[in-house]
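Biologist: I'm new to this one. Can you put it up and walk me through it?

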Amino acid sequence: MKFLIVFVALFAVALAEDVLIVKNEFHVGAEGYKYAWETSDGQSAQEQAELKNLGTEQEAISAKGSYSFVGDDGLTYTVNYIADENGFQPQGAHLPVAPEA
């Protein structure tokens with residue numbers, strides 16, 4: 001499902017701006033997946049995920065990855081993230097940081 005969403009989004013971008021997909025990799029295994037893509041306009045994303053606690057009630061998928069894009073100001077922005085049982089945890093130099101409690 002995630003692959004389909006990524007593919008449709010890339011296809012829509014490509015139609016809108018004559019953007020070429022210069023890299024598109026996707027691998028699915030029994031206990032996880034990984035993908036990576038890049039477009040000619042500087043966008044890219046990669047993610048790898050694996051099942052944790054296989055066969056237990058705490059079974060969950062844990063993913064980590066990053067995505068980059070060129071902003072309206074011409075700068076490239078990158079977000080690195082982890083998504084697991086603790087939620088989506090993004091990090092990036094351009095993202096605000098919550099004050100410490």
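**A first look**

Modeller: Let's start with one residue. Lys 52 has 27% relative accessibility, so Lys 52 counts as partly exposed. Keep in mind that this is a predicted model.

Biologist: What does Lys 52 form a salt bridge with?

Modeller: With Glu 85. The closest N and O atoms of the pair are 3.2 Å apart. The pair links distant parts of the chain, 33 residues apart. Lys 52 is in strand β3, and Glu 85 is in the loop between β5 (76–84) and β6 (87–91).

Biologist: How many salt bridges does the structure hold?

Modeller: The structure holds 1 salt bridge. As a rule, side chains of opposite charge can pair when their charged atoms come close.

Biologist: Let's zoom out. How many helices and strands are there in the protein chain?

Modeller: There are 1 helix and 6 strands. From the N terminus, the order is α-β-β-β-β-β-β.

Biologist: Which way do β1 and β2 run?

Modeller: Antiparallel. Strand β1 covers residues 21–29, and 8 bridges join β1 to β2. The two form a hairpin with 2 residues between them. For a landmark, find Val 28: its bridge partner in β2 is Tyr 33.

Biologist: And how many bridges join β2 to β3?

Modeller: 7 bridges, and these strands run antiparallel. In this pairing, Lys 34 stands opposite Gln 48 in β3. β2 and β3 also form a hairpin, with 4 residues between them. Look at Gly 42 in the turn: its phi is positive, about 95°.

Biologist: Next pair. Over how many bridges do β3 and β4 pair?

Modeller: Over 9 bridges, in the antiparallel sense. Here Ser 44 stands opposite Ser 68 in β4.

Biologist: Stay on Ser 68. Buried or exposed?

Modeller: Buried, because its relative accessibility is 13% and the cut-off for buried is under 20%. Ser 68 is found in strand β4, residues 60–70.

Biologist: What is Ser 68 in contact with, leaving aside its neighbours within four places in sequence?

Modeller: Gly 42, Gln 43, Ser 44, Thr 76, Tyr 77 and Thr 78. You have met Gly 42 in the turn between β2 and β3. Ser 44 is the residue opposite Ser 68. With Thr 78 there is also a polar contact of 2.8 Å, joining the side chains.

Biologist: New topic. Which residues make up the largest nonpolar core?

Modeller: Tyr 33, Tyr 35, Trp 37, Ala 45, Ala 49, Ala 63 and Tyr 81, 7 residues in all. β2 (32–39) and β3 (44–52) each supply at least two residues of this core.

Biologist: Which strand gives the most to this core?

Modeller: β2, with 3 residues. In soluble globular proteins, nonpolar side chains tend to be buried together. Tyr 33 has come up before, as the bridge partner of Val 28.

Biologist: Back to the whole chain. What percentage of its residues count as buried?

Modeller: 22% of the 101 residues. The accessible surface comes to about 7500 Å². Carbon and sulfur atoms account for 56% of that surface.

Biologist: One last thing. Among contacts between residues at least 6 apart in sequence, what percentage join residues at least 24 apart?

Modeller: 16% of them.

Key: Residues are numbered from 1 along each chain as its sequence is written. This is a predicted model: local features need pLDDT of at least 70, side-chain atom pairs count only at pLDDT 80 or more; totals for chains, interfaces and linings use all residues. Side-chain values use heavy atoms; hydrogens and water are left out. Buried means under 20% relative accessible area, exposed over 50%, partly exposed in between (1.4 Å probe, protein chains only). A polar contact is a pair of N or O atoms within 3.5 Å; within protein, one must be able to donate a hydrogen and the other to accept it, and residues adjacent in sequence count only if both atoms are side-chain atoms. Contact means heavy atoms within 4.5 Å. A nonpolar core is a set of buried Ala, Val, Leu, Ile, Met, Phe, Trp, Tyr and Cys residues joined through side-chain atoms within 4.5 Å. A salt bridge is a side-chain nitrogen of Lys or Arg within 4 Å of a carboxyl oxygen of Asp or Glu. Two strands pair if DSSP finds at least two bridges between them. Accessible areas come from the Shrake-Rupley method with a 1.4 Å probe; for residues, only the protein chains shown count as cover.
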